[in-house]
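Got the viewer open? Keep the selection box handy and follow along, one stop at a time.

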Amino acid sequence: MGSELLRTAAPGGLRRRVRALWREVVKFGAVGGAGLVVNFAAFNLLLHTGVRPGRAGVAATALAIVFNYVGFRYFTYRDRDRGHRTREMTLFLAFSGVGLVIENGVLFVATYWMGWDTPLQNNVFKFAGVAVATLFRFWSYRTWVFRALPDERPRPSRVHPQGRASERVGRP
């Protein structure tokens, strides 16, 4: 049924938007996956050296944020507006800060309020926090930070063969 909907969509309509969104999700996931490796490598290295989970989580997330910005700007969203870099960086840092609080809030609650403080538990709750924060980050980055450029393709005009514009909307 879903493939029928895509086949019957107007040329370039729904099918194009679904493909573009799918490509964006895949690229976001690739950069995010690499950032996840950076995040967990730094987190576990810091835990191994005796840093408490809360501080290790915040430091590792901050490092991953820097790594991810470079990946998102130059890979995932390289075709997006580059004209307002200061605005982009400010919004990226603000939304990343909210993501940092979400991600590490889960870890803080589990570690300091619930008392779950083994290395395995720290990693499980760090991962749970990353999962929740990733949903927020995907939405906020694509909506507010890396905004799409206006569509440059010309739209077909609604002009009659005699050269008059159609008076009713939607009428060819």
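How many salt bridges does the structure hold? Six, going by the coordinates of this predicted model.

**Stop 1: a long-range pair.** Select E24 and R142. They form a salt bridge, with the closest N and O atoms 2.9 Å apart. This pair links distant parts of the chain: E24 belongs to helix α2 and R142 to helix α5, 118 residues apart. Switch on a surface and compare the two ends: E24 is buried at 7% relative accessible area, because the cut-off for that label is under 20%. R142, at 32%, counts as partly exposed.

**Stop 2: loop to loop.** Now pick D117 and R52. Here the closest N and O atoms of the salt bridge are 3.0 Å apart. Again distant parts of the chain are linked: D117 is in the loop between α4 and α5, R52 is in the loop between α2 and α3, and 65 residues separate them. Both ends are partly exposed, D117 at 29% and R52 at 42%.

**Stop 3: a network.** Select R73, R85 and E88, which are linked in a network of salt bridges. Zoom in on E88 and R85: their side chains meet at 3.8 Å, N to O. Both sit in helix α4, three residues apart, or about one turn of the helix. E88 is buried at 2% relative accessibility, whereas R85 is partly exposed at 29%.

**Stop 4: the cavity.** Stay on E88 and add D81, R82, G83, H84, R87, V145 and R147; together they line the largest cavity. The structure holds one cavity of 30 Å³ or more, and the space in the largest cavity is about 50 Å³. What is the lining made of? Five charged residues, two polar and one nonpolar.

**Stop 5: the second largest pocket.** This one has about 310 Å³ of space. Of its 21 lining residues, G32, N68, V130, T134 and R137 are the closest to the centre, so select those. Helices α2 (14-48), α3 (53-76), α4 (85-113) and α5 each give two or more residues to the lining. The largest share, seven residues, comes from α2. By type, the lining has ten nonpolar, nine polar and two charged residues.

**Stop 6: R137.** Finish with R137, in helix α5 (residues 119-145). Is R137 buried or exposed? Buried, with a relative accessible area of 11%. Show its surroundings: beyond its neighbours within four places in sequence, R137 is in contact with F28, T61, S96, G99, L100 and E103. For a distance label, try G99, whose backbone oxygen lies 3.4 Å from a polar atom of the R137 side chain.

Terms used
Residues are numbered from 1 along each chain as its sequence is written. This is a predicted model: local features need pLDDT of at least 70, side-chain atom pairs count only at pLDDT 80 or more; totals for chains, interfaces and linings use all residues. Side-chain values use heavy atoms; hydrogens and water are left out. On a 1 Å grid over the protein atoms alone, a cavity is a set of points where a 1.4 Å probe fits but cannot get out, and a pocket is an open set with protein on both sides within 12 Å along at least five of seven lines; lining residues have an atom within 4 Å of a point. Grid points are joined across faces, edges and corners, and a volume is the space filled by probe spheres set on the points. Ala, Val, Leu, Ile, Met, Phe, Trp, Tyr, Cys and Pro count as nonpolar, Asp, Glu, Lys and Arg as charged, and the others, Gly among them, as polar. Helices (H or I, at least four residues) and strands (E, at least two) are DSSP runs, numbered from the N terminus. Buried means under 20% relative accessible area, exposed over 50%, partly exposed in between (1.4 Å probe, protein chains only). A polar contact is a pair of N or O atoms within 3.5 Å; within protein, one must be able to donate a hydrogen and the other to accept it, and residues adjacent in sequence count only if both atoms are side-chain atoms. Contact means heavy atoms within 4.5 Å. A salt bridge is a side-chain nitrogen of Lys or Arg within 4 Å of a carboxyl oxygen of Asp or Glu.
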